[in-house]
Amino acid sequence: MLGKALELFPALGRKLRTAAGLPIATVGLTGAVWVLLWPARLAVAIFPLRRLVRFYGRDHGARVVIPEASSRELDLARQIGEAIAIAVRYSPASANCYPQALVARALLRWRRVPHGLFFGLRRGSDDKEMEAHAWVMVGDCAVSGGNSFDQYTVVRCFSSPGVR
């Protein structure tokens, strides 16, 4: 039965072969990210920022705070970042930077990895509108949203609990 399905949907076969070549931890983490993106998208769509902000961690205002991380924590952050990138690439619905950042923050907090969640703004291409962006950093590792400090002005920074 599976062989017949793979003949009918060759793209599915390629995706399964690619997944089989990944470490099992990456596949499991990617599945978790993929599942978590759905409630994150829903939360962003339903709740205003002021309701969600209490779950972001310690508020530093516009001051940039990037917590230091051990090599083990940086490895975990890279794994989570890779899983987010894979899950977003193969998700049937799009997920912009905001739900990706929420999922990154949730997984990093669950693994007790110190991190910073950043919200930034920049002028749009027509100089009349503003573009917003969210990203998560662990040390010098961009977990989601890329290292966007040179492209966006940080307007809000949150750090994981326990970071000053």
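Are Phe-119 and Phe-158 buried or exposed? Select both rings to start. Phe-119 is buried, and Phe-158 is buried too. Keep in mind throughout that this is a predicted model.

**Stop 1: the whole chain**

Zoom out and colour by secondary structure. The protein chain holds six helices and five strands. Read from the N terminus, the order of elements is α-α-α-α-β-α-α-β-β-β-β. Now colour by accessibility. Of the chain's 164 residues, 39% count as buried.

**Stop 2: an aromatic cluster**

Show the aromatic side chains. A pair of aromatic rings is described by how far apart the centres are and by the angle of the planes. In this model the count is nine aromatic pairs. One of them joins Tyr-98 and Phe-119 in an edge-to-face arrangement, with 5.7 Å centre to centre and 80 degrees between the planes. Tyr-98 belongs to helix α6 (residues 97-110) and Phe-119 to strand β2 (residues 116-123), so this pair ties together parts that lie 21 residues apart in sequence.

Check the exposure of each partner. Tyr-98 has a relative accessible area of 16% and is buried. Phe-119 is at 13% relative accessibility, which counts as buried because the cut-off is under 20%.

Stay on Phe-119 and add Phe-158. These two rings also form an edge-to-face pair, at 6.1 Å centre to centre with 90 degrees between the planes. This pair links distant parts of the chain: Phe-119 is in strand β2, and Phe-158 is in strand β5 (residues 153-159), 39 residues apart.

Add Tyr-56 to the selection. Tyr-56, Tyr-98, Phe-119 and Phe-158 are linked by ring pairs into a cluster.

**Stop 3: the nonpolar core**

Which residues touch the most other members of the largest nonpolar core? Select Val-33, Tyr-56, Leu-108 and Val-143: they do, in a core of 32 residues. Tyr-56 is thus a residue to keep on screen, as it also belongs to the aromatic cluster. The elements that contribute two or more residues to this core are α3, α5 (71-89), α6, β2, β3 (130-138) and β4 (141-144). Helix α6 gives the most, with eight residues.

Next, pick Trp-135. This residue is found in strand β3. Its relative accessibility is 0%, and Trp-135 counts as buried. Draw a distance to Ala-101. The two C-alpha atoms are separated by 5.6 Å, although the residues are 34 apart along the chain.

**Stop 4: the second largest pocket**

Turn on a surface. Rolling a probe the size of a water molecule over the atoms shows where empty space is left. Go to the second largest pocket, which has a volume of about 250 Å³. Select its lining: Leu-36, Pro-39, Ala-40, Ala-43, Leu-52, Phe-55, Tyr-56, Leu-102, Val-103, Arg-105, Ala-106 and Arg-109. Colour these residues by type. Ten are nonpolar, none is polar and two are charged.

Which element gives the most to this lining? Helix α6 does, with five residues. Both α3 (24-46) and α6 supply at least two residues each.

Centre on Phe-55, one of the lining residues. Phe-55 sits in the loop between α4 (49-52) and β1 (58-59). With a relative accessible area of 52%, Phe-55 is exposed. Now add Arg-105, also part of the lining. Phe-55 and Arg-105 are 50 residues apart in sequence, and their C-alpha atoms are 9.5 Å apart in space.

**Stop 5: helix α3 and a neighbour in space**

Select Val-44, placed in helix α3. Val-44 is partly exposed, at a relative accessible area of 26%. Then select Pro-99. The C-alpha atoms of Val-44 and Pro-99 are separated by 6.9 Å, with their positions 55 residues apart along the chain.

**Stop 6: charges over rings**

Show Trp-38 and Arg-41. The charged end of Arg-41 sits over the Trp-38 ring, 4.7 Å from the ring centre. Move to Trp-110 and Arg-111. Arg-111 lies over the face of Trp-110, 5.7 Å from the centre of the ring.

**Stop 7: an unusual backbone angle**

Finish on Arg-112, in the loop between α6 and β2. Most residues other than glycine have a negative phi. Arg-112 has a positive phi, near 60 degrees, and is not a glycine. At 70% relative accessibility, Arg-112 counts as exposed.

Methods. Residues are numbered from 1 along each chain as its sequence is written. Side-chain values use heavy atoms; hydrogens and water are left out. Rings of Phe, Tyr and Trp (its six-membered ring) pair if their centres lie within 6.5 Å; planes under 30 degrees apart count as stacked, over 60 as edge-to-face and the rest as tilted. Helices (H or I, at least four residues) and strands (E, at least two) are DSSP runs, numbered from the N terminus. Buried means under 20% relative accessible area, exposed over 50%, partly exposed in between (1.4 Å probe, protein chains only). A charge sits over a ring if NZ of Lys or CZ of Arg is within 6 Å of the ring centre and within 35 degrees of the ring normal. On a 1 Å grid over the protein atoms alone, a cavity is a set of points where a 1.4 Å probe fits but cannot get out, and a pocket is an open set with protein on both sides within 12 Å along at least five of seven lines; lining residues have an atom within 4 Å of a point. Grid points are joined across faces, edges and corners, and a volume is the space filled by probe spheres set on the points. Ala, Val, Leu, Ile, Met, Phe, Trp, Tyr, Cys and Pro count as nonpolar, Asp, Glu, Lys and Arg as charged, and the others, Gly among them, as polar. A nonpolar core is a set of buried Ala, Val, Leu, Ile, Met, Phe, Trp, Tyr and Cys residues joined through side-chain atoms within 4.5 Å.
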